[in-house]
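Q: I should like to learn how to read the features of a structural model one at a time. Please begin with a single residue and proceed from there.

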Amino acid sequence: MRIIHVTNYFRDTHSHVGGAEQACFRSAMLARSHGYSSSIVATKPDRADRCEFDFQSVPIIEDFVPSFLKQYVEAAKWYSFQYDPIARNAFRRILRRNDAEIVHFHNFQFMTLSLISAAREAGKKIFVSIYDYWLFCPTVMLVDPDKQFCARGHGSWCVECLPKKLRAFQRFLLSFRRRVVDHYLYMVDGFHVLSEHSGAVLEGYGIAKDKIHVVPLTLPMEFRSIPESDSNPEPYTILFAGWLNERKGLHRLLQAMPPVLKEFPQAKLIAIGGKVRFGDAYEKRLNEIIDSNGFRDRVTFTGHLQPAVIKEYIRNSTMVVIPEQYENMSPLLMIEAMSMAKPVVISRAGGIPEFIENGVNGWLADPLDPKDFADRIICVFRDPDGAKAMGERARQRILAKCDDENIWEKTRRMYES
């Protein structure tokens, strides 16, 4: 069987690589290792590395407009204008040349959902992986202005959660967002989600239960080796890794640092994370938290790093903290840290409790409460032997849950459903 994987960016060809891009790469690798031919379709590459797969790029409208207009075109697509005739026509040509039976869409909103209709016209089976909730919420967070889970669905009211700019234009685009999205979702044969919680979210939105397939992520190749018995992590080191935006929650971790530093002044935070579009205000907020509390010398920002480098940071850290601010189904970093037998302090949100048993193989914290995060971090520092045992239990849990053969069997059933 032959599969086309469609993604905005791909690990071998683009510098913008996060959890969704890693997941796409691993899905393609897993299928290929079981005899399924995989090819990749993405936007124009910006890296010269050799791609392990047959790779083809499609142009998008932004490639042909002046630089000052690109951000507005991207915003219009993000809000609801999910039709890019340039990308769609290029994808139709690829489909005519490729005899794949399946098109597996990952994060691809900048090429637009119109590619789904092209795949439907070509008679392909269509699957969509859900890594965040962009398809149902323009902030991707499913969180209302009061920071509570939002089950209302997208519409003009979403303007209250968005930047206070061009409100009338935002409201106009949002007013028909759901109709546009649902038009394309109706064409999809199956939805791949990473947790039972995420499956329930899709079912609550109105997607038929028999179209929803719960399949966890496989372990990343970089993290498969058993942790070295002589590993000697740097003491009192906290690691964060994620894009520098609100939904990743670095601000909550920074707010938790003063009480941690009061008891453990030698503690330090390493923050791995790339910048995001329109993220200047959030980065300013992060710096204000640091400077107002006077712990600039205890925080290191590394910028965006490649997976192999992140592995070494995880190996050398005391713990990994994941302060997600939205209904995340299963953060990639959580899986990586657990596979490296690291104690994890993570938000009690979304599908995360399906992986973490509080106090047994990790610590769960209230995503809105910096003090709760501080208390859990301090627990890890106070009891290094207990933290080591917790990390070992986490490793055993994730090896069992993310076993390749079990995951492939679920994936195969999804493709053949």
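A: The model is a predicted one. Let us begin with Ser117, which has a relative accessible area of 10% and is therefore buried, the cut-off being under 20%. Ser117 belongs to helix 4, residues 114–121.

Q: Which residues does Ser117 touch, not counting residues up to four places away in sequence?
A: The partners of Ser117 are Arg88, Tyr184 and Met187.

Q: How many residues of helix 4 are buried?
A: One judges a helix by counting its buried residues. In helix 4, 6 of the 8 residues are buried, so this helix is largely enclosed by the rest of the structure. The buried residues are Ser114, Leu115, Ile116, Ser117, Ala118 and Ala119.

Q: What covers the buried residues of helix 4?
A: The cover includes strand 1 (2–6), helix 3 (85–97), strand 4, strand 5 and helix 6. For Ile116, with neighbours within four places in sequence left aside, the contacts are Phe105, Phe108, Ile126, Val128, Tyr184, Met187 and Val188.

Q: Which residues have the most contacts inside the largest nonpolar core?
A: They are Val6, Phe91, Phe105, Ile116, Ile130 and Phe136, in a core of 88 residues. Helix 11 (residues 332–339) supplies the largest share of this core, with 6 residues. There is also a second, separate core of 33 residues, and Leu261, Leu286, Met319 and Ala374 are included in it.

Q: How should I read backbone angles around helix 4?
A: One looks for positive phi values and then asks where each residue lies. Just after helix 4, Gly123 has a positive phi of about 75 degrees. Thr112, a residue other than glycine, also has a positive phi, near 85 degrees. The loop between strand 4 (102–105) and helix 4 contains Thr112.

Q: Is Thr112 buried or exposed?
A: Thr112 has a relative accessible area of 0% and is therefore buried. Another case is Leu166, which is not a glycine yet has a positive phi of about 45 degrees. Leu166 is located in the loop between strand 5 and helix 5. Its relative accessibility is 57%, so Leu166 counts as exposed, the cut-off being over 50%.

Q: Why does Lys125 count as partly exposed?
A: Partly exposed is the class between buried, under 20%, and exposed, over 50%. Lys125 counts as partly exposed because its relative accessibility is 27%. This residue is placed in strand 5, residues 125–129.

Q: Which residues are in contact with Lys125, leaving aside its neighbours within four places in sequence?
A: Here one compares position in sequence with position in space. The contacts of Lys125, without those neighbours, are Glu101, Ile102, Val103, Asp189, Tyr415, Glu416 and Ser417. As a separate reading of distance, Lys125 and Tyr83 are 42 residues apart in sequence, and their C-alpha atoms are 20 Å apart in space.

Q: How should I read the packing of two helices?
A: One takes the angle and the distance between the axes, and then the residues that meet. Helix 8 (residues 250–263) packs with helix 12 (residues 370–382) at an angle of about 45 degrees, and their axes are 8 Å apart. The two helices are therefore oblique to each other, and their crossing is right-handed.

Q: Which residues make this contact of helix 8 and helix 12?
A: Helix 8 contributes Arg252, Leu253, Gln255, Ala256, Pro259, Val260 and Glu263, while helix 12 contributes Pro370, Phe373, Ala374, Ile377, Ile378, Phe381 and Arg382. By class, the contact of helix 8 with helix 12 comprises 10 nonpolar, 1 polar and 3 charged residues.

Q: At what angle do the axes of helix 8 and helix 9 cross?
A: The axes of helix 8 and helix 9 (residues 280–293) cross at roughly 0 degrees and come within 10 Å. Helix 8 is therefore roughly parallel to helix 9, a term used for angles under 35 degrees. Leu250, His251, Leu254, Gln255 and Pro258 of helix 8 meet Tyr282, Arg285, Leu286, Ile289, Ile290 and Asn293 of helix 9. The contact of helix 8 with helix 9 has 7 nonpolar, 3 polar and 1 charged residues.

Q: Which residues of helix 2 are buried?
A: In helix 2 (residues 67–79), the buried residues are Glu74, Ala76, Lys77 and Tyr79. These buried residues of helix 2 pack against helix 5 (167–175) and helix 6 (177–185).

Definitions and conventions. Residues are numbered from 1 along each chain as its sequence is written. This is a predicted model: local features need pLDDT of at least 70, side-chain atom pairs count only at pLDDT 80 or more; totals for chains, interfaces and linings use all residues. Side-chain values use heavy atoms; hydrogens and water are left out. A nonpolar core is a set of buried Ala, Val, Leu, Ile, Met, Phe, Trp, Tyr and Cys residues joined through side-chain atoms within 4.5 Å. Buried means under 20% relative accessible area, exposed over 50%, partly exposed in between (1.4 Å probe, protein chains only). Helices (H or I, at least four residues) and strands (E, at least two) are DSSP runs, numbered from the N terminus. Contact means heavy atoms within 4.5 Å. Axes are lines fitted to C-alpha atoms, for helices over the stretch in contact, and angles run from 0 to 180 degrees between N-to-C directions. Angles under 35 degrees count as roughly parallel, over 145 as roughly antiparallel, 65 to 115 as roughly perpendicular and the rest as oblique. A crossing is left-handed if the near helix is turned anticlockwise from the far one by less than a right angle, and right-handed if clockwise. Ala, Val, Leu, Ile, Met, Phe, Trp, Tyr, Cys and Pro count as nonpolar, Asp, Glu, Lys and Arg as charged, and the others, Gly among them, as polar.
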